[in-house]
Amino acid sequence: MASTTADSAALRDLIWAVCSPSLLSPLPDWPGNFTPDITPAWFFDIDTEALERHVKQNETRFLGSYFEALWAFFFAQHPRYELIARNLQIRDEHRTIGEFDFIVSDRERGQILQLELAVKFYLGVPAINTLDYTDGRNLWIGPQARDRLDIKIKRALEHQLRLHQRPVAKEALRALGVDEVEPRLLFKGYLFHPKEPVPVPDYVAADHGHGDWLHVDDIEERLDHALPCIPLPKQRWLAPACGDSSPEPLSVRELAQQLGSIERPAMVVQWGEPGESYRIRRYFITPAGWPGLSLEDPLSEPRTRTSAK
């Protein structure tokens with residue numbers, strides 16, 4: 001059994017995927033969160049070499065697909081669960097009407113679960129609106145301004161988590177020996193606030209991961225000049241950054257120079273020394289004109305590609 005050393009980014013990401021707080025606190029009439037009863041000690045026995053091979057075999061540029069691969073490994077390793085199906089497409093004649101992310105057997109409870117997975121990063125933007133699943137005053141927009149939290153929630157609740165009720169989906173499940181499923185949410189991620197924090201929707205968990213966002217022109221004003229800055233590549237956005245394997249730290253001024261002409265948002269962390277002053281801060285740095293779209297009707301239709309979450 002290979003040792004579970006701290007230099008394994010995949011292991012840190014796996015621990016974060018399983019143990020980090022949910023992004024959502026479902027409302028009473030929603031399906032509940034999937035929260036496995038597990039402690040960090042369980043990960044001590046993980047074969048990190050097997051995990052690294054699994055990640056390599058499932059290599060992808062999509063962070064959502066990587067997140068799914070981590071959970072697939074978890075279900076394969078944990079004796080309580082059996083992964084029955086992954087990314088099971090449901091077709092009605094010649095068109096795909098939806099997809100089950102995971103169908104999982106919980107042996108201990110004797111349940112079959114339909115899990116809707118997503119890992120998301122949203123930036124809060126003040127915007128008066130009349131959209132569903134918002135507070136009417138703010139929107140939470142993805143860093144590439146191609147998706148929104150309210151759209152993701154609407155599609156999950158009104159389509160994906162009801163998919164098992166469709167006759168064609170029931171037929172596909174019966175082919176797997178499954179009669180009934182219990183839908184569950186498995187949403188993780190971070191919300192990033194502007195300089196003046198905006199309220200989060202009432203379905204966001206109180207202990208959700210969070211950070212701040214700012215335009216590139218505000219770096220020297222907003223960031224702490226006493227702390228190093230570490231720009232993170234997208235594949236490092238999940239688990240808290242580890243200094244031993246992070247890119248070379250920059251000063252705030254060096255960061256401002258490096259990101260001065262960015263065309264898409266970048267994630268940056270700052271941290272202090274271990275001890276009383278120790279802290280990690282996450283930031284999204286955006287181009288000066290971000291998000292650069294009309295907020296009256298942005299992204300009005302959900303994207304149909306459900307697996308690139």
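Which residues are linked with R80 in a network of salt bridges? In this predicted model, the partners in that network are D106 and E108. A search of the whole structure turns up 13 salt bridges, and the pair made by E108 and R80 is a good place to start. Here the closest N and O atoms sit 3.4 Å apart. E108 belongs to the loop between β2 (95–106) and β3, while R80 belongs to the loop between α3 and β1, so this pair ties together parts of the chain that are 28 residues apart in sequence. The two ends of the bridge differ in how much they show at the surface. E108 has a relative accessible area of 62%, over the 50% mark, and so is exposed. R80, at 12%, falls under the 20% limit and is therefore buried. As a general matter, side chains of opposite charge can pair when their charged atoms come close.

Two further salt bridges can be added to the picture. D150 pairs with R148, with 2.7 Å between the closest N and O atoms, and both D150 and R148 are buried. E182 pairs with R184, and in this case the closest N and O atoms are 3.9 Å apart. E182 has a relative accessibility of 37%, so it counts as partly exposed.

Charge also turns up in another form, as a positive surface patch. R61, R146, K234 and R264 make up this patch. K234, one of its members, is located in the loop that runs between β7 (229–232) and α7 (252–258). With 41% relative accessibility, K234 counts as partly exposed.

Now for some residues that are tucked away. Q270 is part of strand β8, which covers residues 266–271. Its relative accessible area is 0%, so Q270 is buried. A polar atom of the Q270 side chain lies 2.9 Å from the backbone oxygen of D224. L63 is buried too, with a relative accessible area of 8%, and is placed in helix α3 (residues 63–77). Along the chain, L63 and R236 are 173 residues apart, yet their C-alpha atoms are separated by 9.4 Å.

What about the backbone itself? Most residues other than glycine have a negative phi, and most peptide bonds are trans. Against that background, a few spots deserve a look. N87 is not a glycine, but its phi is positive, near 55°. This residue is found in strand β1 (residues 81–92), and at 28% relative accessibility N87 counts as partly exposed. Y133 also has a positive phi without being glycine, with a value near 65°. Y133 sits in the loop between β3 (111–126) and β4 (138–141). Its relative accessibility is 22%, which means that Y133 counts as partly exposed. Finally, W290 and P291 are joined by a cis peptide bond, with omega at about 0°. P291 is found in the segment after β9 (280–286).

Conventions. Residues are numbered from 1 along each chain as its sequence is written. This is a predicted model: local features need pLDDT of at least 70, side-chain atom pairs count only at pLDDT 80 or more; totals for chains, interfaces and linings use all residues. Side-chain values use heavy atoms; hydrogens and water are left out. Patches are made of residues with over 30% relative accessible area and no salt bridge: like charges are joined within 9 Å, nonpolar side chains (Val, Leu, Ile, Met, Phe, Trp, Tyr) within 5 Å. Accessible areas come from the Shrake-Rupley method with a 1.4 Å probe; for residues, only the protein chains shown count as cover. A salt bridge is a side-chain nitrogen of Lys or Arg within 4 Å of a carboxyl oxygen of Asp or Glu. Lys and Arg count as positive and Asp and Glu as negative; His and the chain ends are not counted. The place of a charge is taken as NZ of Lys, CZ of Arg, CG of Asp or CD of Glu. Helices (H or I, at least four residues) and strands (E, at least two) are DSSP runs, numbered from the N terminus. Buried means under 20% relative accessible area, exposed over 50%, partly exposed in between (1.4 Å probe, protein chains only). A polar contact is a pair of N or O atoms within 3.5 Å; within protein, one must be able to donate a hydrogen and the other to accept it, and residues adjacent in sequence count only if both atoms are side-chain atoms.
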